[in-house]
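Thanks for sharing this one. Here are a few friendly notes to read alongside the coordinates.

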Amino acid sequence: MMKPGTLILHVATRFLVPLQLLFSIFLLLRGHNEPGGGFIAGLVASGAFALYLFTFGAVMTRDLLRIDPRNLIGIGLFLGMISIFPAWFQGEAFLTSQWWPVALPGGNEIKLSTPLIFDIGVYFTVFGSVMLMLVALTETEER
Amino acid sequence: MSPEVALPIIVPLMTGTLTLLAWRSNILQKILSVLGSIALLISSIWLLVSVREQGHVVMYMGGWVAPYGITLVADMLSAIMVVLTAMMAVAIAIFSLSSAASSHERFGYYPLMHLLLAGVAGSFLTGDLFNLFVWFEVMLVASFALLILGGERAQMEGAVKYVTLNMLSSAIFLSAIGLLYGLVGTLNMADIAVKLSQVENTGLVDVIAVMFMVAFGIKAAAFPLFFWLPASYHTGPVAVSAIFAGLLTKVGVYALYRVFTLIFNQSPEFTHELLLWVAAFTMITGVLGAAAQFEFRRILSFHIVSQIGYMLLGLALFTPLAIIGGVFYIMHHIIVKTNLFLISGITHRLLGTYDLKKLGGLYKSRPFLSVLFLVPALSLAGLPPLSGFFAKFIVIRAGVEAEAWVVTGVALLVGLLTLYSMIKIWAEAFWKKLPDETDGSALAQPMTLSLTALYLPVILLAACTLFIGLNGQPIYLMAEFSAQQLMNPAGYIEAVLGVKP
Amino acid sequence: MQLSVLVIYLLAALTPWLYSKHQARTANILALLPAGLTLWFASHIPLIASGGILVHEYAWIPGLDISLTMVLDGLSLMFALLICGIGTFILIYAGSYLQGHKDLPRFLVVLLSFMASMLGLVLADNLITLFVFWELTSITSYMLIGFKHESAEARKAALQGLIVTVGGGLALLAGLIMLAGAGGSYSLQEIFNSSEVLSEHPLYVGMMICLLLGAFTKSAQFPFHFWLPNAMAAPTPVSAYLHSATMVKAGIYLMARLYPELGGTDFWINTLTSFGALTMLTGAFMAIRSTDLKKLLAYSTVMALGTLTLLLGLSTELAMMAFAAYLLAHSLYKGALFMLAGIVDHETGTRDVTQLGGLRKLMPVTAICTLIAAFSLAGLPPMFGFVAKELLLESLLAGPVGLLIILMVITSAIFVVIVAAVIALRPFFGRFVPQARTIHEAPKLMLAGPVVLTALSLFAGLLPGLTGQFITLPASMAVAGQPIDGYLSLWHGINLPLLLSIVSLAAGYALFRKWDTLRDSLRILNPIIERGPEAGYFRFMQGIVLVSEWQTRLLQNGSMRNYLRTIILTLVGVTGYALLWRYQVHWNWDVSVYLHEIVLVLILVSAAAAVCITGSRLGAVATMGAVGFSVALIFILFSAPDLGITQILVETLTVILLVLVLFRLPGFSSTSTPAERGRDAFVAILTGTLMTLLIMITIDVQIFPSISDYMIENSQPLAYGRNIVNVILVDYRALDTLGEIFVLALAALGVYAMIKFRPETEPGGNHYAGTLILPPKQVPEKHIVLSLDERKQLREEKKKADRLKAEAKAAAEKAEAEANELRVQTSEEAPPASTDESNLDKGTDSASDDQANKGGQ
Amino acid sequence: MEPIMAIVVGCLYAAAIYMMLRRSIVKLVIGLMLLSNAANLLIFTSAGMIRGAPPLIPVGAMQPEGMIADPLPQALILTAIVIAFGVLAFAVVLIHRAYNIIHTDNLDQMKDTDT
């Protein structure tokens, strides 16, 4: 049985988890240009939930996650697979990167691309995999 | 733009992903699994056809030309291996319809199976050394997870050995890649081949070559590195054993064939001579290991080891005919070995055991199954006119023509001992009277739908064995074509790099 | 001709269907086919007798020089006629011999397959095709010997026959490949027509040894003769057909076939004559020791096979004439005799000649046939056997052999007379020995074969010229490879062979009168015979099992550490060898280093060392963490920020995992002796040194620049990314990354399955998963004698088990209580107690270590 | 620096092998972890090491300034790290389950599937 955390830990966790998640998304998006990327971001995100997991236990973590980790993995892998095909329709080799600049209202533009989709896929897979393992392990612990 | 070279990887990856997403419904997973494996078969045949027309089919993944990106390359050997993988995929998918326990299905049996296939196909098709490592890992981790499905004591013990020794192999492989990259600064196999051929001091190349030999030798279960195989193969669910037996070690063999024809061909008097001894000992230790066993799947497991020896012998002799023999042997062996494991699964369904002492009476009550067993069993022992005979004949002929008397003698003797083991199974499980303590009530069960699903792949694979035996010419031509390509790596290099070396 | 073989196979495949329609008559219907084929082959007699041959070409695997081309010449024709002709009667005979036997259809299938294979063997022109059929006869013979498959004796005999013949077959394969290599072709015709002088080829002796091994094992030559008598476990039709008239002659056929290419050398003459004579003598000698009718006949077959080998060895024209004649004569009378013996067995229920007597009144036809056939066996005029025997003696006396061999032959001839007399006289004449069942003449269908065959034997003897001209002389010429000017006749005038014949007959008959005492006195030789080749076979088979058990203990002994050590030492050994002996090691010590790096490196190394020495789990995890973080720092210091961050994150997660998992495991129990540790440390240091050396060399010899220059240049322009590592990951080498996320996903699935999977959640669901080798912690019964330590351990285990049981019981009760509560709420989460109960019903076979289940037990 | 790293990596390999040869399955897993670290560092070292020049391109530039570290081995190691993490996580849980089922952490007592 996991010992219930102290009050400070509870509070800190509630505070830290969203922050960490935001940070992970930041890492994910800037990864193409600065250190970061799908892996690191995914690991940071799962770190956030790991903290939550140890503080509040498996059941609450599942509730917070809403979505089964297996589906997270599935979605991640599916995104990864999807990024293979757009190039095919362009008559190029599989996985050839495709870029679609989208104009943002502020006059800026953001480049959507298959590598980005791919990186998001990586993010979800890493996140889902780590969560699947940790939740399962903690559940046996609690049983 | 030739998508067929990537499809055999993408299709099972996609099937795996979709079955994973469908984890709540066993029925949906089953349907996806069968459809996916059929799609894999179609795409791999497409690949085979275009390889026959073009010689080499190349795709630069991500559009980055070799050697900068990852290149997928299919030559005849790869195409053959992929087609066989797909055939086994179909067989196992059908077999699993009835054999997979629904508890296994809920814990990812189908995704694991298809991702295993993706790993196998990826290993066959990649033209990049590090990418090969990645596909090896995909295959390995999938096989780890499949092996422990069921969570029984024997599985755990087997898995501990299997996982550890294979991880050791991966670490050696990775180290060797690192060293090789340090030397030549590239990962594309064709590029490595070009650059290594310019190296004057072949001694250093030999050192790296030997490291690869050990790494792949572990995967291929060669002597003296095979221990993980007999320790684990007989423990998993039977369909899993079957696909392992058919494909996994062959990936190691394939990798040896690839690197020791393409990359490390500078000093065959050292590397291939070493392989020759490895082959001889692999054959003999494997077959002797089986002689002491008295359990259906254990005997078969040890025989995988000894058969690997024949395949290595083909590579080690390093003559065109020997390579033909090796390739032929691989083709034959994948079909036959998978089939034998599947048959062991049927006997287990009927009598509830793999122990030869407790089996019996199958010839009396199930004559058709007996014939189905005899076909692959005698083929494995190399009796004519089945596929195994021609495979063995070519290898032995190559051995005689190369005047490698000792290994040829060993190969012949091992054939006899293989027959001895197969006959042992036949005499004990089929001919012998059903022992009183064994519950034979399931023996007389009628051909239900679920039993048909078990029989169907066995019949198909036995038909393949017979077909190769009775009409070996097309198979021989394919093997000859691939041997030509393997013995002349210039064609491969040109196809990948676009320049004549 | 291909068609003739194929048709028989097809018919074999159709037999079960035919049997379901026609039941008992099936065999007779099937017999129509070989009968028709006999006629078809007979229609070619004029062509062949006039010196022609018939060739049908057909391709099979041209790439390997394997064709299905078939050739009919004198030798093949004679064999084909025997196979189909005798086969016809055997089928009829078998149909009635095994009437009503439930396995009759299977028997007929195999018998027909054998017939087709044998026919293919004698017709094949291609060496490999010949070998294919050769092996097919072995395997069909195996199935037939083991017909009574539920008897261990039959299985053993079948295995013996198979191992011996297939073992020889493998040698034959090697020999054939050498022959083809030397002769330049796989076609017998082409080898025959080529100008190569094979007997001067450097591989001649090796190839001969291999080929003869094949031929000798198949044709039961000494010292491989032992399998043939044991093969009499087969039903009598099989013995009559395979083990006397046809299959065992395959080896003889092969030698005859190869005679034109390989024969006539000193090696050939010496080997064949000596082994032939030895086999003759062995067969004849063993025959007179036996009392079982079939054994008698089997050994006399061995003797005949020896004779044929001897004749081939003589290598003269006369010998070839004798060879063909003897072969024909033997097939005719031996087939008949076996069928007759089968009839006696069938009607009386015994084959022991000492238990038989005076049957001639009850079974007159059988008696007469046996007498005539035995006359042929003994070589009495006017039987064809006499013609053959005269030729044999004549060619022997004129042949290139020493006195010893002649003496051996004559001794055998005397023994054979005894055998013939025993077979013909003992059961039918003398005092009637009453039997358990009422005896009457055999059914007509069973008698058809023997009657026709003995009649043929008689006619051939009476008309030797005709038989010679149309059947045996073309065969002799095919063997000799050249025309032979000769003819067969019954009467050669009074000469030495005739005298020898008469002497041997007289001596034989005289000894027959004292047969019973002779047998007794021969018993003193038993110890020698028991040490004969058959004992060698058993020792060989035993040896294989012993060696394999020894090898398994040595290599596959279950000890993971041995496996690891072996693999690592292999790696170190071969790589080290290649490194030190094939490469001149040199490196540079160009070191520039900062203090903080030294400190970091020292921390890393000492942490690694601490991992090895620490005795506590906490220490191990902490030091492992230190190693990981030091590595991360190295990454960061040396320009790899992404790596550093990833390493730190991964290391953190790993530590979490270790904490979650390892602390539920027991502490380290240090049980290794210092010696063991020293040995392992030695292995470890060797490996470390090797890797260090390898790295040193690589950093010294960087031969080519890296391809990454291209990636660096194009990262921003083409891939729009400034973090080159990430660009490589998601673009240049995205396929690697794709594979990698699949690895991660797979690992997660595996972990999940491992943790959550409970076979018990579904009783029987795991039935097909695998066999449980040993139920957990069950002490095998064989360990009755336990050492003190073991007993202590056992006691402790028992205590522990008891404790666990009590705990589990409490837990189960609790679970049940909970389940009762939960059942109202949800059915998914809690393990329902009913599952446990159903496990109980299932009994102990679904062994599991789950506590709930333990509580149940 | 590389020669020193070569020795360090050698030490890591030695430690890994030594740990793998122990009886306890826990030590076995620790050995595997050390082994993967050793292999990663081997790639890192043999590809050449450079201080303070991460493979990043400055904002707005098309090419990096001056000499930078080889990014390719870094990408390889990153892949290898993640793969090793997955595999090791599996191995850790495997020994945990194995212990629960076989009731021993002693490798020498896991001999039932062979022999």
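**Notes on one interface and one helix pair**

1. Let me start with the contact between chain D and chain A, bearing in mind that this is a predicted model. Chain D contributes six residues to the contact, and chain A contributes seven residues.

2. The area buried between chain D and chain A comes to about 590 Å², with 88% of it from carbon and sulfur atoms. On the side of chain D, L56(D), V82(D) and F85(D) supply 50% of the area buried against chain A, more than any other three residues.

3. What about polar partners across this interface? The count of salt bridges between chain D and chain A is zero, and zero residue pairs are found in polar contact, with both residues required to be at pLDDT 80 or more. The side of chain D that touches chain A divides into six nonpolar residues, no polar and no charged.

4. Now to chain B, where the axes of helix 1 (residues 7-21) and helix 2 (residues 26-54) come within 8 Å and cross at roughly 175°. Angles over 145 degrees count as roughly antiparallel, so helix 1 of chain B is roughly antiparallel to helix 2 of chain B.

5. Which residues make that contact? From helix 1 of chain B they are L7(B), P8(B), V11(B), P12(B), T15(B), L18(B) and T19(B). Helix 2 of chain B brings Q29(B), L32(B), S33(B), G36(B), A39(B), L40(B), S43(B), S44(B), W46(B) and L47(B).

6. By residue class, the contact of helix 1 with helix 2 of chain B has ten nonpolar, seven polar and no charged residues.

Key:
Residues are numbered from 1 along each chain as its sequence is written. Chains are lettered from A and ligands numbered from 1 in the order in which they are written. This is a predicted model: local features need pLDDT of at least 70, side-chain atom pairs count only at pLDDT 80 or more; totals for chains, interfaces and linings use all residues. Side-chain values use heavy atoms; hydrogens and water are left out. Axes are lines fitted to C-alpha atoms, for helices over the stretch in contact, and angles run from 0 to 180 degrees between N-to-C directions. Helices (H or I, at least four residues) and strands (E, at least two) are DSSP runs, numbered from the N terminus. Angles under 35 degrees count as roughly parallel, over 145 as roughly antiparallel, 65 to 115 as roughly perpendicular and the rest as oblique. Contact means heavy atoms within 4.5 Å. Ala, Val, Leu, Ile, Met, Phe, Trp, Tyr, Cys and Pro count as nonpolar, Asp, Glu, Lys and Arg as charged, and the others, Gly among them, as polar. Buried area is the accessible area (1.4 Å probe) that two parts lose on being put together, summed over both. A salt bridge is a side-chain nitrogen of Lys or Arg within 4 Å of a carboxyl oxygen of Asp or Glu. A polar contact is a pair of N or O atoms within 3.5 Å; within protein, one must be able to donate a hydrogen and the other to accept it, and residues adjacent in sequence count only if both atoms are side-chain atoms.
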